[in-house]
Amino acid sequence: MPTTTPSPRAGLGYGLLLTIGMIVVIGSALGFQYIGGYIPCALCLEQRQPYYYGIPVAIIAVLTAVAGLPSWITRGLLIIAGLMMLVGGGIGVYHAGVEWHFWEGPTTCSTSASSVTQNAGDLLGQLNTIKGPSCTEAALRILGLSMAGWNVIASVILAAIAFVGAKKAG
């Protein structure tokens, strides 16, 4: 049986799919925040970090595949992005557990106000006292899952895409 060597561009499709998926997920979260008015809690903001770091890594993976650089570079970048998505999924599991009261959340997840004041004269004073909503209450549930729960699903799917892409690229 003939063996085929992987093309340097083998990870391109997976890298593109990963990049687009990550952008869609973080774009949705930002849309819920800025368009829908859902103020994120401290753990919600933590769940976004792997995306903020992972998107540039995935973009670089795509660029290395397009440039025809050695496949180990693309493979390594896809693995790093996949690991970031697993971290994001882990934070999501932790957050969902806090919402379901399986365990305690961090002390930074308390609330003192629901939004920024409408009084411009008091805005600077309010910025030092306003905190996000509590991490223990899901602001929105869709099909029974909170945003944290959906993030777990998205993160696992994106990690799988990254790892399969790394395997195909190598």
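**Spans from the record**

I began with residues 76-96 of this predicted model. I find the span 100% helix and 0% strand. Its end C-alpha atoms lie 30 Å apart. Next I took residues 51-69, where the chain is 89% helix and 0% strand. Here the end C-alpha atoms are 24 Å apart. I chose both spans from UniProt, whose unreviewed entry places "transmembrane region" at 12-39, 51-69, 76-96 and 148-166.

**Aromatic residues**

How many aromatic pairs does a search of the whole structure find? I get 3. I then looked at Tyr94 and Trp103, which form a stacked pair. Their centres are 6.4 Å apart, with 5° between the planes. I count them as stacked because planes under 30 degrees apart fall in that class. The centre distance also passes, because the cut-off for a pair is within 6.5 Å.

Which residues do ring pairs link into a cluster? I list Tyr94, Phe102 and Trp103. Phe102 sits in the loop between α3 (71-99) and α4 (123-127).

I checked accessibility for each of these residues. Phe102 has 62% relative accessibility, so I log Phe102 as exposed. Tyr94 has a relative accessible area of 30%, so I log Tyr94 as partly exposed. Trp103 is also partly exposed, because its relative accessible area is 38%.

I then turned to the surface. Val93, Tyr94, Trp100, Phe102 and Trp103 make a nonpolar patch of about 540 Å². The ring cluster members Tyr94, Phe102 and Trp103 are among the residues of this patch.

**Asn151**

Is Asn151 buried or exposed? I call Asn151 buried, because its relative accessibility is 9% and the cut-off for buried is under 20%. I place Asn151 in helix α5, residues 147-169. UniProt's "transmembrane region" at 148-166 includes this position.

What is Asn151 in contact with, leaving aside neighbours within four places in sequence? I find Val25, Gln47, Tyr51, Gly88 and Gly92. I set these beside the UniProt spans: Val25 falls in 12-39, Tyr51 in 51-69, and Gly88 and Gly92 in 76-96.

**Pro133**

My last entry is Pro133, in the loop between α4 and β1 (141-142). Its relative accessibility is 27%, so Pro133 counts as partly exposed. I also looked up its separation from Cys41. The two are 92 residues apart in sequence. In space, C-alpha to C-alpha, I read 5.0 Å between Pro133 and Cys41.

Conventions
Residues are numbered from 1 along each chain as its sequence is written. This is a predicted model: local features need pLDDT of at least 70, side-chain atom pairs count only at pLDDT 80 or more; totals for chains, interfaces and linings use all residues. Side-chain values use heavy atoms; hydrogens and water are left out. Patches are made of residues with over 30% relative accessible area and no salt bridge: like charges are joined within 9 Å, nonpolar side chains (Val, Leu, Ile, Met, Phe, Trp, Tyr) within 5 Å. Accessible areas come from the Shrake-Rupley method with a 1.4 Å probe; for residues, only the protein chains shown count as cover. A salt bridge is a side-chain nitrogen of Lys or Arg within 4 Å of a carboxyl oxygen of Asp or Glu. Helices (H or I, at least four residues) and strands (E, at least two) are DSSP runs, numbered from the N terminus. Buried means under 20% relative accessible area, exposed over 50%, partly exposed in between (1.4 Å probe, protein chains only). Contact means heavy atoms within 4.5 Å. UniProt positions are given in the numbering used here, feature names are shortened, and annotations may be inferred rather than shown by experiment. Rings of Phe, Tyr and Trp (its six-membered ring) pair if their centres lie within 6.5 Å; planes under 30 degrees apart count as stacked, over 60 as edge-to-face and the rest as tilted.
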